[in-house]
Amino acid sequence: MEQCNGLKAVILAKVESMVDSDDAVTTSRRSRFDAVHKWAATAAGVVALAFSLYNFAELQKKPEIDLALPHLVRIGLMGKDSHFYLQPTVSTRVKTQDVEVIRDARLQLAPVGSISSSKRPVFYWKEVGTWNFDPTAERILYRWSGDPAPFLVSQDKPQQPTFLFQADGWNFQPGRYEGSLQLNRSGNHSPLTKSFCLIISKKAVDEIRDGASREDIFFWRDDMPKAMSSSKYSGCYVREAEWRGQVD
């Protein structure tokens, strides 16, 4: 009987030992799982925080503004004052909650080369306008639409204002001009500036002067195929009608 009881005690001890061993294994596995789970949750939280901070920074930073000149500009003489019409595109390339304020626009035009000693015009931003086609006259007419004033630029609202710049008491001479459009921004931001060149023939100057009484407006382009193939004229605004082989 005592032997039987001893055998039972040994068996019971082994069973308890096995149970304790299984519990230890289970506890160890659970600990490792809990550790991995906590690590994964922490990593996911760090990644989510990083994305949140990045998105916040992207939304809060100042917009990056682009200024692009058009392929076409218009020139006219109203009485004794020269008019220069320019419609650039002002846009931002990044997603942001901020807007950029364009405070002022300036046009500079300097005679170079053979006419470098000529009087340099002083253009100022007179107004903004729009272009409308008159089917009766079969011509494009300019109309005032607003005074020179600051305007806003945001990602969902790019701007294409038609600037009218005027130089009082000045007229073009035949030759080459180096010009630039400068848009001044709010705050301490540096201005946006784009340079260009303009070539005007004697024939074009005569057209401008003859059309002054009628307030005619003439077209110049920087993408005329014949002009672009010439190193002298490539990239410059030239009289469109001349490079199409005809006069308007």
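Me: Which residue stands opposite Phe84 in E3?
Reply: That's Ile75. Strand E2 (residues 72-78) pairs with E3 in the antiparallel sense, over five bridges. Two strands count as paired if DSSP finds at least two bridges between them. The labels are also from DSSP: helices are H or I runs of at least four residues, strands are E runs of at least two, and both are numbered from the N terminus.

Me: Anything I should know about the model before I go on?
Reply: This is a predicted model, where local features need pLDDT of at least 70 and side-chain atom pairs count only at pLDDT 80 or more, while totals for chains, interfaces and linings use all residues. Residues are numbered from 1 along each chain as its sequence is written, and side-chain values use heavy atoms, leaving out hydrogens and water.

Me: Okay, back to Phe84. What does it stand opposite in E9?
Reply: Phe84 stands opposite Phe165 there. E3 and E9 are antiparallel partners too, with five bridges between them.

Me: And which residue stands opposite Phe165 from E6's direction?
Reply: Look at Trp125, which stands opposite Phe165 in E9. E6 and E9 run antiparallel and are joined by six bridges.

Me: What actually holds paired strands together?
Reply: Strands of a sheet pair through backbone hydrogen bonds, in either a parallel or an antiparallel way.

Me: How many residues of E9 are buried?
Reply: Six of its six, so strand E9 (residues 162-167) is mostly covered. Buried means under 20% relative accessible area, exposed means over 50%, and partly exposed lies in between (1.4 Å probe, protein chains only). Both faces of E9 are covered: Thr162, Leu164 and Gln166 are buried on one side, and Phe163, Phe165 and Ala167 on the other.

Me: How many strands are in the whole sheet, and in what order?
Reply: There are 11, in an open sheet with mixed pairing: E7-E6-E9-E3-E2-E12-E13-E11-E10-E5-E8. E7 and strand E8 (151-153) are the edge strands, each pairing on one side only. Neighbouring strands are turned by 35 degrees against each other on average, direction ignored. For that, axes are lines fitted to C-alpha atoms (for helices over the stretch in contact), and angles run from 0 to 180 degrees between N-to-C directions.

Me: New topic: pockets. What volume does the largest one have?
Reply: About 480 Å³. On a 1 Å grid over the protein atoms alone, a pocket is an open set of points with protein on both sides within 12 Å along at least five of seven lines, whereas a cavity is a set where a 1.4 Å probe fits but cannot get out; lining residues have an atom within 4 Å of a point. Grid points are joined across faces, edges and corners, and the volume is the space filled by probe spheres set on the points.

Me: Which residues of the lining lie nearest its centre?
Reply: Arg139, Ile140, Glu215, Asp216 and Ile217, out of 23 lining residues. Strand E7 (139-146) gives the most to the lining, with five residues.

Me: How does the lining divide into nonpolar, polar and charged?
Reply: It has 10 nonpolar residues, one polar and 12 charged. Here Ala, Val, Leu, Ile, Met, Phe, Trp, Tyr, Cys and Pro count as nonpolar, Asp, Glu, Lys and Arg as charged, and the others, including Gly, as polar.

Me: What's odd about Glu215's phi?
Reply: Its phi is positive, about 55 degrees, although Glu215 is not a glycine. Glu215 sits in the loop between H2 and E12.

Me: And Asp216, which residue does it meet in a salt bridge?
Reply: Arg214, at 2.8 Å from N to O. A salt bridge is a side-chain nitrogen of Lys or Arg within 4 Å of a carboxyl oxygen of Asp or Glu. Asp216 is buried, at 12% relative accessibility, whereas Arg214 is exposed, at 52%. Arg139, Arg214 and Asp216 are linked in a network of salt bridges.

Me: How many salt bridges does the count come to?
Reply: Nine. One of them joins Asp104 to Arg106, with the closest N and O atoms 3.1 Å apart. Asp104 is partly exposed at 22%, and Arg106 is partly exposed at 47%. Glu240 and Arg244 form another, at 3.8 Å.
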